[in-house]
Each structure stands twice: as structure tokens, then as C-alpha cells.
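Here are three short exercises to work through with the coordinates open. Try each task before you read its solution.

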Amino acid sequence: LLPSIIELLIIFFMSFHLKYPMELGYLLWQHIELGKADITEGHITTHNFFSYLPTKQIKRSSWLSDDMFYLLYTIGKYKAIIIVKLLVLVFLFTAPFYMFGENASMYTLILPIYILLILPGTALRPGLFALLVFLLFIYGLYKNNTVLMGILVLLWSFVHGTYILGTLIFLLYIAFNLRSTIKSGILKIWPLIFAILPLFLPHSSLAIFTHLYKQSFLLKGFEEWLPIKFVSFHGVVFLLYIFLWIYAVVKKRNLGWAIYGGILLILGLRFRRFIPFFAISGMPIIMSLKIHFMDGIEYMIKETMQYPLYIMLFCVYFILRTPGFSTYFKKQSHPYGCETLLKSLEDGKNILTLQAWVPYLYFSTHGRHHFAIDATLTQEDTYIKTYFDFLAFKGDCESELRTLKPDYVLLPRSYYKKIGIFCERCLKIEHQTPHCVIWRNKCTYR
């Protein structure tokens, strides 16, 4: 039997998404390196070994994801990581149909919107696994299974820092169902311990969010922490989903699901990284709607939706047969080619570069050099602010270089002219490629 229309639609999105994996992201290499440190040292690494500056401990709320990325990489390099990602995506896109009522007509209508909202949150980062756990958590909420919810929040706390959402929703669920909870006694409330416990563990992400709230300037350089623009295509799709969710909430008059989704909606409006979580949380109540004009095709779709295995087999085959798969991701690496400049230097140099570049540069040079500000942003605030001022050409270049103390500065070629004006007295070009330039710092130790 052939896959259904919906499954073919999913395969189309999957193949497009994997053929142009622009979401590969700069953090994958950081997670691989942190996972490697965990496995080789036998404990959760909290020391920042990327930077030469004084740093605080890294809050590792995603240590399990890091370890999984490293193990997958050792098993099958990028191919293994992408195949696992594909299986996670297939589950995210097909499971809601089976979990929330098998409403084929509504699922057919909502699926393209749902996919477009989920995709931006599925980069090769711990957030991918967080979405998987969150979908299972929402299923536990839908089935009133507090044991499943509690265990998943605890697991979630090892996967990604957003587990705080699970703790909050669990507490609200207990409050909304207080009468039935009291009647059922300890049997229904004890899993709450699993949901609250992560808040007191050493890897709690509360400290991370508190720090980001106090130092809001750190968020400006990260697109995922910015509000969504509703004039964009993605913004219009988000609005469509919001209107459909509001209609479902009003029609079903379910206060609990309105509150759960409302919290995630507010977060999604402020920070676009929470939009995929809102999209998942809205599926149970949206899937309960009936779209009568599509009833004619419901039987046909429902009969063929029982073969999701076809999706997995087709997509795995697609990956394995893609020409040049083994070298594709190297060509897409960011910053491609700049690691050759670092490999030409003596080992043990201190490098000032974009913090987004550090994970790949550290990974590709096998830790031969260390960097000023890296993607963990665990340096003292003085260093971080000096770093941002330097890249914005604010203040005094020589003073900033004396603070950050790099031996070399490596930046995209687009900085070439401005750096020449801003730091002409301190920086001397050492090497350059069509993509990046490396300068030797003459001022730090003068």
C-alpha cells in the first residue's frame, strides 16, 4: 500500500528540509565537544574549556542531549545525527494524528501550518529533543496521566532548559484539578515531585533565564530570542494558527487548555523560540474540531494513515542515496574555510572571533586554540560587554583589546574596512581568504 496524501506531504517537507539544511546551526559542534568531555571524563563537565578568559561554570541543563550528539557522531558522523533527527521529525509530524483523536479532516487542514511552525525549532540542538519530550508530555496531559507527565519533566530537565515550562504546566494542572486530585489522594499528586525536583538540581536552568533577564542586551544578537515579525511569511502562518487555536478554545470552552496554550502563546509572541511549543500545545484542542466540508476524504486518509513506517523507510533511503552526502555538511560548515587560518598558527593562541564561530573553530582545530567570548557566554559581564562594543566599533579599540587580550582577531571579510579604520594602529593583517581575515594584535602586550 502507498503512503497517504498526508504522508507524502510530510516526505516532501522532509526531503526539502534535509536537502537544504540551513538550520545546521553553529551550536552543534559545541554540543558534540561538551558531550565528548562528559563521556571521556565520566561526569557532567561544567568547566568552560573553549575560552581563555575567566569564566563561570556552564549550566548544563542539556547534558543528556550533548552526550547523545557525541555518541551519534562517534557512531556515524553527521549521517547518524541527521537520520535520528529525521526520525524525531517524522514522529513530531505524524504522532499528533494518533495521539489526539485521529481526526483526519482536521489533521489534513492543520498539518502544513503545524509543520511550518515546528521546523524553525528543529535545528541540530537540544531543542529538537525538547520538542519530542514536550509532545509526549502534552499527550500525558491530554490523557490525565500524571505519572507520565512527572517522569517526562524529569527527563526533559536533562535534555533542555525549557523543562521549566513542564513544571509550570504540571502545577497549573494540579490546581485546575484540585478536587479530583484530593479525592484520588497521593496516587495522583506524587509525580509532582519529579516535576519540581529539577528546579533544585545543580544543572537547573533557572540561573540561565535569570541571567538573561538581567542582561537583556545578550538577547539582541540571537534571532530566536527576538519577537516574530507578523509581516513575514512565518508571521502570517503563526497568526493563522493563533486564530484557529482561539476558535477551538472558545468552541470547546476548556479553561485548562486555554491557560496552558495562553502562557506559551505569550512566550511565543515575545520570544520566537517558544512558537513550536505553542504549536504542539494547541494540537489536542484543535484536533477536536470537526471540519464538515472535508468529511468526504476522511475515510480515505484514515485508512492509509496506518502505515507511518513507509515514511521512515523512504526518508532513510533518501538520505543514504543522496549524492555527496558525506561531504555536503563540511561544505556548509560555518565559518567554512576559516579554520585553515587557525591551523597555520602555532598551537595555544588566544583568538578573538564571533562567538557564533567558536564551536566550529574549536571542533575543527581539535582544541588547539582558545577563544575570548564563546557561545556559552559564561564570561564575566565586563568581558562580554567589551566584546559587543568591539564588534560594534564603539569605544576605544586599544583599550578593548587590552581587556580581551587576544593574540589574533579572526572576523568575516565584511569587517575588513571598518576594522581597518577602527583598529589600524593595533591590528596587522596576517592572512586572509575570500571569506575571512585574521589580524595579529600588536597592542595588547605593548
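**Exercise 1.** In this predicted model, find how helix α20 (residues 381-391) and helix α21 (residues 397-404) are oriented to each other.

*Solution.* Start with the axes: those of α20 and α21 are 10 Å apart, and the packing angle is about 140°. Angles over 145 degrees would count as roughly antiparallel, so α20 and α21 are oblique to each other. Next, take the handedness: the crossing of α20 and α21 is left-handed. Then list the contact: α20 brings Tyr383, Thr386, Tyr387, Asp389 and Phe390, while α21 brings Cys397, Glu400, Leu401, Thr403 and Leu404. Finally, sort these residues: six are nonpolar, two polar and two charged.

**Exercise 2.** Now do likewise for helix α2 (residues 28-41) and helix α3 (residues 63-99).

*Solution.* The axes of α2 and α3 lie 7 Å apart, at an angle of about 110°. The range for roughly perpendicular is 65 to 115 degrees, so α2 is roughly perpendicular to α3. For the contact, residues of α2 including Leu28, Trp29 and Ile32 meet residues of α3, among them Trp63, Phe69 and Tyr70. By class, the contact of α2 with α3 holds twelve nonpolar, two polar and four charged residues.

**Exercise 3.** Is Thr167 buried or exposed, and which residues does Thr167 touch?

*Solution.* First, place the residue: Thr167 sits in helix α7 (residues 163-176). Its relative accessible area is 4%, so Thr167 is buried. Leaving out residues up to four places away in sequence, Thr167 touches Val153, Ala195, Ile196 and Leu199. Last, look at the polar side: a polar atom of the Thr167 side chain lies 2.7 Å from the backbone oxygen of Ala195.

Technical notes: Residues numbered from 1 in each chain as written. Predicted model: local features only at pLDDT ≥ 70, side-chain atom pairs only at ≥ 80, totals over all residues. Heavy atoms only, no water. Helix = DSSP H or I, 4+ residues; strand = E, 2+ residues; numbered from the N terminus. Buried < 20%, exposed > 50% of the residue type's maximum accessible area, 1.4 Å probe, protein only. Polar contact = N/O pair within 3.5 Å; in protein donor to acceptor, adjacent residues only side chain to side chain. Contact = heavy atoms within 4.5 Å. Axes fitted to C-alpha atoms, helices over the stretch in contact; angles between N-to-C directions. Parallel < 35°, antiparallel > 145°, perpendicular 65-115°, else oblique. Nonpolar A, V, L, I, M, F, W, Y, C, P; charged D, E, K, R; others polar. Left-handed = near helix turned anticlockwise from the far one by under 90°.
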